[in-house]
Amino acid sequence: MGAVRRRLSDRAWEGVTPVAYPDPALGGVEKHELVGPPEGAQGYRVRYFHVPAGGRTARERHPHDHTVVIERGRARVTLGDEVLELGPGDVVYVAGDELHCFEAFGAEALGFICVSPPAGGPSG
């Protein structure tokens, strides 16, 4: 059976507890697990990330690829050696093992949706 996550505000959904990064340098960044194996999705997960104005996600690379849709705010996105400025509605494909980071710039927080393999799944 399917699942529904009702949105309560710009960054809150019924039944979803935000998780912070453990790194203090990434203070204020929240991950919201919207859909994944607990909801029956075995091959992927959908998460929402909130990045406060001036904040950023981790600069990282991992074996799995993923897709990001910018929902709100302005983003400075690092993809390998390239840095791009993006906004709402823009879509980013991050290849496996590609260095990436999402930074909020301007006065507004950044919000984006990320679709990736499930944690611990065959691709990561």
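Trainee: Which residue in strand 8 is the bridge partner of Val77?

Mentor: This is a predicted model, in which local features need pLDDT of at least 70, side-chain atom pairs count only at pLDDT 80 or more, and totals for chains, interfaces and linings use all residues. Residues are numbered from 1 along each chain as its sequence is written, and side-chain values use heavy atoms, with hydrogens and water left out. Strand 7 and strand 8 run antiparallel and are joined by 5 bridges, where two strands pair if DSSP finds at least two bridges between them. Within strand 8, the bridge partner of Val77 is Leu84.

Trainee: Which residue takes a positive phi in the hairpin of strand 7 and strand 8?

Mentor: Most residues other than glycine have a negative phi, and most peptide bonds are trans. The hairpin of strand 7 and strand 8 has 2 residues between the strands. The residue there with a positive phi, near 65°, is Gly80.

Trainee: Which residue that is not a glycine has a positive phi of about 65°?

Mentor: The residue is found in the loop between strand 9 and strand 10. With a relative accessible area of 46% it counts as partly exposed, a class that lies between buried (under 20% relative accessible area) and exposed (over 50%), with a 1.4 Å probe and protein chains only. The residue with this phi, although it is not a glycine, is Asp97.

Trainee: How many strands are there in the protein?

Mentor: Helices (H or I, at least four residues) and strands (E, at least two) are DSSP runs, numbered from the N terminus. Along the sequence the pattern reads β-β-β-β-β-β-β-β-β-β-β. There are 0 helices, and the number of strands is 11.

Trainee: What is the radius of gyration of the protein?

Mentor: The C-alpha trace spans about 40 × 30 × 30 Å along its principal axes. The globule rule, which is 2.2 Å times the number of residues to the power 0.38, is set against a radius of gyration taken over C-alpha atoms. For 124 residues that rule gives 14 Å, and the protein comes close to this value, so it is as compact as a globular protein of that length. The radius of gyration of the protein is 14 Å.

Trainee: Which strands stand at the edges of the open sheet?

Mentor: The open sheet is formed by 6 strands with antiparallel pairing, in the order 3-4-5-11-6-9. A strand at an edge has a single partner strand, so one side of it is left without a neighbour in the sheet. The two that stand there are strand 3 (19-20) and strand 9.

Trainee: Which residues make up the covered face of strand 9?

Mentor: Strand 9 pairs with strand 6 in the antiparallel sense over 4 bridges, and Tyr93 in strand 9 is the bridge partner of Thr67. Tyr93 belongs to the uncovered face, together with Val91. The covered face of strand 9 consists of Val92 and Val94.

Trainee: Is His50 buried or exposed?

Mentor: His50 lies in strand 5, and its C-alpha atom is separated by 9.3 Å from that of Pro18, 32 residues apart along the chain. Not counting residues up to four places away in sequence, His50 touches Arg11, Gly28, Val29, Glu30, His32, Arg72, Ala109 and Leu110, a contact being heavy atoms within 4.5 Å. Because its relative accessible area is 5%, His50 is buried.

Trainee: What is the relative accessibility of Gly87?

Mentor: Gly87 lies in the loop between strand 8 (82-86) and strand 9 (91-94). Leaving aside neighbours within four places in sequence, Gly87 is in contact with Ile70, Gly73 and Arg74. Gly87 counts as buried, because its relative accessibility is 2%.

Trainee: Which strand gives the most residues to the lining of the largest pocket?

Mentor: A pocket is an open set of points, on a 1 Å grid over the protein atoms alone, where a 1.4 Å probe fits, with protein on both sides within 12 Å along at least five of seven lines, and lining residues have an atom within 4 Å of a point. The largest pocket is lined by 16 residues, of which Tyr21, Arg47, Phe49, Glu60 and His62 lie nearest its centre. Elements that give two or more residues to this lining are strand 5 (45-51), strand 6 (66-72), strand 10 (100-105) and strand 11 (110-116). The one that gives the most, with 3 residues, is strand 5.
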